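Got your viewer open? Let's take a short walk and pick things out one at a time.

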Amino acid sequence: MQYSSMTRRGFLTTAAAAFGSAAIGAAPPVTTPLGVPLRQEPLAFDFEELEPFMKASTLRRHYYGHHAAYVKELETALQAEAMTVGNVVSLMPGMERMIQPQRSDSRMPLGRLVSQGLSFQAPQPLSKETTQTIRRAGGGHINHTAFWRFLCPPDSGPSGPQGRAARAIQEDFGSVKAFRQVFKEVAMAQQGSGWAWLVYRPDGCLVCSTTANEDNPLMKDHIPWHQAGKPLLSLDLWEHSYCEQYQADREQYIDAWWKVVNWEFVNRAYSIVTGKA
Ligand SMILES: [Fe+2]
């Protein structure tokens, strides 16, 4: 697999600009490092490079199997609704939103149709089935994209947070060591499939949290309010991500995962979410 600068530039899920520019019905390009396009990104590492902490065969199945299936499922659901979405993140905050009237009933631009009272087609709410698919498959695509972006080969970058991100972690958790402990405890406490997160909340506070299944901190209408925010780090807690290598020993998996966390990207994500990138 070829190296790519794409994932290095990567993520962040959530700047207001990304939300604001990606309305349903339009197809704005993802023009900034923010957001998640409707496709799988190439990885910035070879699967074998995360050995021995993450087994290459697990990663390969995870990427080409589980993650790819979510992307396909989401694509199919959006096509059925005639929706084009440049940034999948834009779907997260309000999944039950309305679809704007289709333009196919006239050659006239929609704005003129509506302004002149010539369009009487009411906006349509998304179906319950589509909303559920966006939550599961859209969440799954975003979560896995984040998961890959926050990984790197061992000893290929800093061994912990640096700069402003490190100071924020120290301020909100007491120390980086304490943060790691809290993150691990929270991840261990998650019952069943889900994800562990470091979240930058709207009030600027950093919190560790978990979400069930493929939910994530962007789904503010579906998770506890105090856990909503912008992801700065994510860990897949589904068994498919670790059981081949670690069986049911989630703690061993977490301890190994710390060795391949892309702290450079965490630092960059913190700069982006705080608007100081
Ligand atoms: Fe997964």
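What covers the buried residues of α7? Keep that in mind while you select residues 176-189, which make up helix α7 in this predicted model. The cover includes α6 (163-173), β3 (194-200), β4 (206-212), β5 (230-236) and α9 (250-257), so colour those next.

Now stay on α7 and show the side chains of Phe179, Phe183 and Ala187, which are buried. Look down the helix axis: the buried residues of α7 fall within an arc of 65°, so they line one face of the helix. Why does that work? An α-helix has 3.6 residues a turn, so residues three or four places apart point the same way. Turn to the face pointing away from the buried side, and you'll find Lys177, Glu185 and Ala189, which are exposed.

While you're here, try a length check. With 14 residues at 1.5 Å a residue, α7 should span 20 Å, and its end C-alpha atoms are 20 Å apart, so the two agree.

Next stop: some backbone oddities. Most residues other than glycine have a negative phi, and most peptide bonds are trans.

- Select glutamate 51 and proline 52: the peptide bond joining them is cis, with omega about 0°. Proline 52 sits in the loop between α2 (16-20) and α3 (56-80).
- Jump to aspartate 155, in the loop between α5 (128-149) and α6. Its phi is positive, about 65°, though it isn't a glycine. Aspartate 155 is exposed, with 8 other C-beta atoms within 10 Å.
- Finish at glutamine 247, in the loop between α8 (243-246) and α9. Glutamine 247 isn't a glycine either, yet has a positive phi of about 50°. It is exposed, with 11 other C-beta atoms within 10 Å.

Note on methods: Residues numbered from 1 in each chain as written. Predicted model: local features only at pLDDT ≥ 70, side-chain atom pairs only at ≥ 80, totals over all residues. Helix = DSSP H or I, 4+ residues; strand = E, 2+ residues; numbered from the N terminus. Expected span 1.5 Å × (residues − 1). Buried ≥ 20, exposed ≤ 12 C-beta atoms within 10 Å, placed from the backbone. Arc of directions from axis to C-beta. Contact = placed C-beta atoms within 7 Å.
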